[in-house]
Amino acid sequence: MKVTISRKAHFNAAHRLYRKDWSLEKNDAVFGKCNNPNFHGHNYDLIVSVTGPIDPETGFVMDVKFLAEIIKEEVELQLDHKNLNLDVPEFQDLNPTAENIAVVIWNKIRKRIQKTFELEVVLYETARNFVTYKGE
Ligand SMILES: Nc1nc2c(c(=O)[nH]1)N=C([C@H](O)[C@H](O)COP(=O)(O)OP(=O)(O)OP(=O)(O)O)CN2
Ligand SMILES: [Zn+2]
């Protein structure tokens, strides 16, 4: 029997969607207002879910306080109030779309979670736009 535990988190960050190897015209055509050279910001909401068996001794899949600490160290401290393009090494050569941010977050958290557990992240970039990544 497997059970999923989830923890919500939140961070604010600025970004610009563009490719350095494209002209301004092509970036504007593809990314529109998200290509503003002066950046723009989002209030990101994150849901991190871990699936695994319940430990019969503790009754936990994993201690949610431990998961909260991992999210604080791997996501909030590294991304909150940052300019993703300028401040975060992972996005120096990677467009900080919601899809790419979700994959970067998943890879950071995956390293900290027991291999036998499944991991899923859902990242809300706006109240209506969100992406899901499960490492598949
Ligand atoms: N597949 C993706 N498409 C878009 C992404 C993305 O990361 N992946 N990002 C953006 C913009 O950065 C931003 O998220 C768009 O914001 P906005 O158009 O304001 O979206 P809202 O949901 O707030 O507003 P609506 O009026 O509901 O469109 C664009 N595309
Ligand atoms: Zn944006």
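This passage describes the fold of a predicted model and the surroundings of its annotated residues. Because the model is predicted, local features need pLDDT of at least 70 and side-chain atom pairs count only at pLDDT 80 or more, while totals for chains, interfaces and linings use all residues. Residues are numbered from 1 along each chain as its sequence is written, and chains are lettered from A and ligands numbered from 1 in the order in which they are written.

We can begin with the overall fold. The protein has 4 helices and 5 strands, where helices (H or I, at least four residues) and strands (E, at least two) are DSSP runs numbered from the N terminus. Read from the N terminus on, the elements follow the order β-α-β-α-β-α-α-β-β. The C-alpha trace spans about 60 × 25 × 25 Å along its principal axes. Of the 136 residues, 21% count as buried; a residue is buried if 20 or more other C-beta atoms lie within 10 Å of its own, exposed if 12 or fewer, and partly exposed in between, with C-beta atoms placed from the backbone. Among contacts with a separation of 6 or more, 68% come from residues 24 or more positions apart, a contact being two residues whose C-beta atoms, placed from the backbone, lie within 7 Å.

The strands make up an open sheet of 5 strands in the order E3-E1-E2-E4-E5, with mixed pairing; two strands pair if DSSP finds at least two bridges between them. E3 and E5 are the edge strands, each pairing on one side only. At one edge, E1 and E3 pair in the parallel sense over 2 bridges, and Ala-14 stands opposite Asn-83 in E3. Helix H2 packs on the sheet and touches E1, E2 and E3, its direction making about 20 degrees with that of E1. Such angles run from 0 to 180 degrees between N-to-C directions, and axes are lines fitted to C-alpha atoms, for helices over the stretch in contact. At the other edge, strands E4 (residues 118–124) and E5 (residues 130–133) run antiparallel, joined by 4 bridges. They form a hairpin with 5 residues between them, and Val-122 is placed opposite Thr-132 in E5. Helix H4 (residues 98–110) lies across E2, E4 and E5 and runs at about 145 degrees to E4.

Next come the annotated residues. An unreviewed UniProt entry lists His-15, His-40 and His-42 under "binding site". These residues span 28 residues in sequence, yet no two of their C-alpha atoms are more than 8.2 Å apart, so they gather at one spot. His-15, in strand E1 (residues 2–15), is buried, with 25 other C-beta atoms within 10 Å. Beyond its neighbours within four places in sequence, His-15 is in contact with Phe-39, Leu-84, Asn-85 and Pro-96. His-42 lies in strand E2 (residues 40–53) and is partly exposed, with 19 C-beta neighbours inside 10 Å. With the same sequence neighbours set aside, His-42 is in contact with Ala-13, Glu-125 and Thr-126.

The "active site" annotation in the unreviewed UniProt entry covers Cys-34, His-81 and Glu-125. Cys-34 sits in the loop between helix H1 (24–31) and E2 and is partly exposed, with 17 C-beta neighbours inside 10 Å. His-81 is in the loop between helix H2 (64–79) and strand E3 (82–83), and counts as exposed, with 11 such neighbours. Residues around ligand 1 include Cys-34 and Glu-125.

Terms used
UniProt positions are given in the numbering used here, feature names are shortened, and annotations may be inferred rather than shown by experiment. A residue is near a molecule or strand if its C-beta atom, placed from the backbone, lies within 6 Å of it.
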